[in-house]
Amino acid sequence: YVHTQTSPSDQNLQTLGAAYIQHECYNNKDAKKQVNQLKGIPVLVQLFTSENQEVQRYATGATRNLIYENMENKVALIEAGGIPKLIEALREGDDELRKNITGILWNLSSKDNLKERLARETLAELTEKILIPLSGTGDQDIIELNPSESDIFFNTTGCLRNLSSVNEKTRQQIRETPGLIDALVGYIQKCLQDTKVEEKGVENAVCVLRNLSYQLYTEIPHSVLLRLEGPSRALSSSKGEAIGCFTPNSKKAKDRQNQDLTTFTEVSRQPKDIEWLWHPKIVELYNQVLQQCKINSTTREGAAGAMQNITAGDKRWASILSHVALEQKKMLPVILDLLETNNNLELRSLTGLLRNFSRHAKDKNDMATKLVKPLLAKLPADGRQKEPSSDVVVNACGALNNLVTSSLVAAQEITHSDGLPKLIDIKTSHDNSPGKQKAAKAAATVLSNMFQYKKLHKDYRSVSSMII
């Protein structure tokens, strides 16, 4: 059957041969190996662009099965020039064919050593042919995707999710692909409006945005960073940075706080592509995802992780976006509600975000009254407990420390909420693994900074013979 496909004159035989290979290679390791040994993959690749659409469907379907969990076949597909042929075949408007092609590309994208090449050769076409049309951000406004279109969008965003996780170079390529980020944002917005936020396509799209936001202020163009960092607005030393174009205490500023979005001179009113990643409007998108997504914890984790990325570090814009989240979008209660989860990955992103919020908060005393007890509740009794993970403990302690260093109220809250025994036991009782040692050091830092408040020493002594 493999060899019959070398005869282009008989498309019926080609269809039968490809269909047979597709069937035989479904969960059959030996068959997959045999097709490669018989040099069947280059033959299938030539059929990707056959004049007969049925031949194309079966050839790509066979290849999809051939490369599943088989690295040798993936390499053979690429060496046979498979990627350009797949991209060429995307021009056909057939859903079944596109489902196979995007499924193959998603599968290939799981391997780190293939990601750069895939990004280079596929991003423009995938964006133009799949993402823009199916997100409704192109010329046609999509009312609703049919099941095949949903699968195609899911496969494509799954591929992007993998590609965006590999390195800075590939993230930059994705960020700079015209229409790509607009399509992801547009799709999420549409699903939020249609109460379809639980869909796997939304999960992928949110996670791609999270990945593209990673190390954002390090990786964005220097000219953009200068604009975001520039002293283009009135600053108030006692109150931190003003939000928008007015000083924080002016009546106009307070009126603006109640609007959906304050005017920012550093960014355009309507973001486009890469600008979405740091635009104040993206905060509302993540906020809505966190509030509406009740079932899919991975989507919530992605939105919290994206928020964590864009509020991380000491850059001015990270602080601005924290203030947008806390003061305009009132996100703190939303995050604290989500903190009830026991999902460790979600907790890691949520506590990481709270750590950033605590760093950038203008009123540390006020934040301490809201944040200390929920964070203490998530801390383990000592350093020997497996849950939550050390990352969560380090984040929670980091947030507590951000508050304690500036707020007596925070130190009092920790003391009066039975936080000292937990912190002391996390510091002293652990198994010496790297993660637990990191958590112990984070707890020790909080304790050390609490000790600076001499008026609380009596309270400390009553709780424990604490040694700093």
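# Enclosed space, helices and ring contacts

The largest cavity is lined by P380, D382, G383, Q385, P388, S389, S390, V393, I426, K436 and A439. The model described here is predicted.

## The cavity and the pocket

Rolling a probe the size of a water molecule over the atoms shows where empty space is left. In this structure, one cavity of 30 Å³ or more is present, and the volume of the largest cavity is about 40 Å³. Helix 22 and helix 25 (434–450) each give at least two residues to the lining of this cavity. By character, the lining of the largest cavity consists of five nonpolar, four polar and two charged residues.

One of the lining residues, P388, also has a notable backbone feature. The peptide bond that leads from E387 to P388 is cis, and its omega is near -10°. P388 is placed in the loop between helix 21 and helix 22.

The largest pocket has a volume of about 620 Å³. Its lining comprises 25 residues, and Y214, Q215, Q308, N309 and A312 are those that lie nearest the centre of the pocket. Two or more residues of the lining come from each of helix 12 (200–212), helix 13 (216–219), helix 17 (297–310), helix 20 (344–360) and helix 22 (390–404). Helix 20 provides the largest share, with six residues. Of the residues that line the largest pocket, 14 are polar, seven are charged and four are nonpolar.

## Two helices in detail

The table sets out the end-to-end spans of helix 21 and helix 11.

| Helix | Number of residues | Distance between end C-alpha atoms | Expected span at 1.5 Å a residue |
|---|---|---|---|
| Helix 21 | 15 residues | 20 Å | 21 Å |
| Helix 11 | 14 residues | 20 Å | 20 Å |

Helix 21 covers residues 364–378, and its span is close to the expected value. A bend of about 40° occurs in helix 21 at L371, and the proline P374 follows within four residues. L371 is among the buried residues of helix 21, which are K364, M367, A368, L371, V372, L375, L376 and K378.

For helix 11, the distance between the end C-alpha atoms agrees with the expected span. Because 11 of its 14 residues are buried, helix 11 is largely enclosed by the rest of the structure. The buried residues of helix 11 are L180, I181, D182, A183, L184, V185, G186, Y187, I188, C191 and L192.

## Aromatic pairs

Aromatic rings are taken to pair if their centres lie within 6.5 Å, and by this rule there are three aromatic pairs. In one of them, the ring centres of W106 and F154 are 4.9 Å apart and the ring planes stand at 75°, so this pair is edge-to-face. Since W106 belongs to helix 7 (residues 95–108) and F154 to helix 9 (residues 147–163), the pair ties together parts that are 48 residues apart in sequence. W106 is partly exposed, at a relative accessible area of 27%.

Another pair is formed by F153 and Y187, whose ring centres are 4.0 Å apart and whose planes are at 25°; the pair is therefore stacked. F153 lies in helix 9 and Y187 in helix 11 (residues 180–193), so this contact ties together parts that are 34 residues apart in sequence. Both F153 and Y187 are buried.

## Backbone features in loops, and a distant approach

Two residues other than glycine are described here for their positive phi. N27 has a phi of about 60° and is situated in the loop between helix 1 (11–24) and helix 2 (29–37). With a relative accessibility of 58%, N27 counts as exposed. D273 has a phi near 45°, and its place is in the loop between helix 15 (251–257) and helix 16. At a relative accessible area of 11%, D273 is buried.

Helix 16 (residues 280–292) also contains Q292. The relative accessibility of Q292 is 31%, and this residue therefore counts as partly exposed. Q292 and E198 are 94 residues apart along the chain, yet their C-alpha atoms are separated by 8.6 Å.

Technical notes:
Residues are numbered from 1 along each chain as its sequence is written. This is a predicted model: local features need pLDDT of at least 70, side-chain atom pairs count only at pLDDT 80 or more; totals for chains, interfaces and linings use all residues. Side-chain values use heavy atoms; hydrogens and water are left out. Rings of Phe, Tyr and Trp (its six-membered ring) pair if their centres lie within 6.5 Å; planes under 30 degrees apart count as stacked, over 60 as edge-to-face and the rest as tilted. Buried means under 20% relative accessible area, exposed over 50%, partly exposed in between (1.4 Å probe, protein chains only). On a 1 Å grid over the protein atoms alone, a cavity is a set of points where a 1.4 Å probe fits but cannot get out, and a pocket is an open set with protein on both sides within 12 Å along at least five of seven lines; lining residues have an atom within 4 Å of a point. Grid points are joined across faces, edges and corners, and a volume is the space filled by probe spheres set on the points. Ala, Val, Leu, Ile, Met, Phe, Trp, Tyr, Cys and Pro count as nonpolar, Asp, Glu, Lys and Arg as charged, and the others, Gly among them, as polar. The expected span of a helix is 1.5 Å times one less than its number of residues. The bend at a residue is the angle between axes fitted to the seven residues ending there and the seven starting there.
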